[in-house]
Amino acid sequence: RSLVYSKIAALMRATKFVEWNATLETAIQEFELKIQQEMPSAFQSYLGKTTFGYHHYLFIGTMLVLPLYADSLAVLSHGGHPRQVAAEVLTGAMWLFTIWPVV
């Protein structure tokens, strides 16, 4: 995580969204604000005019993924391996937040 944060801070400094001597925390905060400001319009540009907004896709996707998460977590109580469960949950989250809305 620290490597990712330092790379984000370097990007924010290099693109002059923050001062060259800004702290890591300041750079990360500005990055988060930039993402919140830019991502909705970026998705709109990518998806074009659609019937559903991104938040609709997230809601529908959540309703589809929650039973799978519950099943994966139930596997833990029956001796399932935590890494397998974590991998399944992370894969579902990746589909939910990134891949499925743009397919």
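**Helix 3 and selected residues**

Visitor: What span should the 24 residues of helix 3 have at 1.5 Å a residue?
Guide: Helices are DSSP runs (H or I, at least four residues; strands are E, at least two), numbered from the N terminus. The expected span is 1.5 Å times one less than the number of residues. The end C-alpha atoms of helix 3 are 34 Å apart, which agrees with the expected 34 Å.

Visitor: What kind of model is this, and what pLDDT do local features need?
Guide: Residues are numbered from 1 along each chain as its sequence is written, and side-chain values use heavy atoms, with hydrogens and water left out. This is a predicted model: totals for chains, interfaces and linings use all residues, side-chain atom pairs count only at pLDDT 80 or more, and local features need pLDDT of at least 70.

Visitor: Where does helix 3 bend?
Guide: The bend at a residue is the angle between axes fitted to the seven residues ending there and the seven starting there. In helix 3 that angle is about 30°, and the proline Pro67 follows within four residues of the bend, at Val65.

Visitor: Is helix 3 roughly parallel or antiparallel to helix 4?
Guide: Axes are lines fitted to C-alpha atoms, for helices over the stretch in contact, and angles run from 0 to 180 degrees between N-to-C directions. Helix 3 (residues 54–77) packs on helix 4 (residues 82–99) at about 170°, with the axes 9 Å apart. Angles under 35 degrees count as roughly parallel, 65 to 115 as roughly perpendicular, over 145 as roughly antiparallel, and the rest as oblique. The pair is therefore roughly antiparallel.

Visitor: How many residues of the contact of helix 3 with helix 4 are nonpolar?
Guide: Contact means heavy atoms within 4.5 Å, and the residues making it include Leu58 and Val65 of helix 3 and Val89 and Leu96 of helix 4. Ala, Val, Leu, Ile, Met, Phe, Trp, Tyr, Cys and Pro count as nonpolar; Asp, Glu, Lys and Arg as charged; the others, Gly among them, as polar. One residue of this contact is charged, four are polar, and the nonpolar ones number 13.

Visitor: Which residues of helix 3 are buried?
Guide: Buried means under 20% relative accessible area, exposed over 50%, and partly exposed in between (1.4 Å probe, protein chains only). In helix 3 the buried residues are Tyr57, Gly61, Val65, Tyr69 and Ser72.

Visitor: What phi does Lys16 have?
Guide: Lys16 sits in the loop between helix 1 and helix 2 and is exposed, with a relative accessible area of 72%. Most residues other than glycine have a negative phi. Lys16 is not a glycine, yet its phi is positive, about 60°.

Visitor: Which residues is Glu30 in contact with, leaving aside its neighbours within four places in sequence?
Guide: Glu30 belongs to helix 2 and is partly exposed, at 33% relative accessible area. Its C-alpha atom is 9.2 Å from that of Ala9, 21 residues away along the chain. Beyond those sequence neighbours, Glu30 is in contact with Met12 and Val18.
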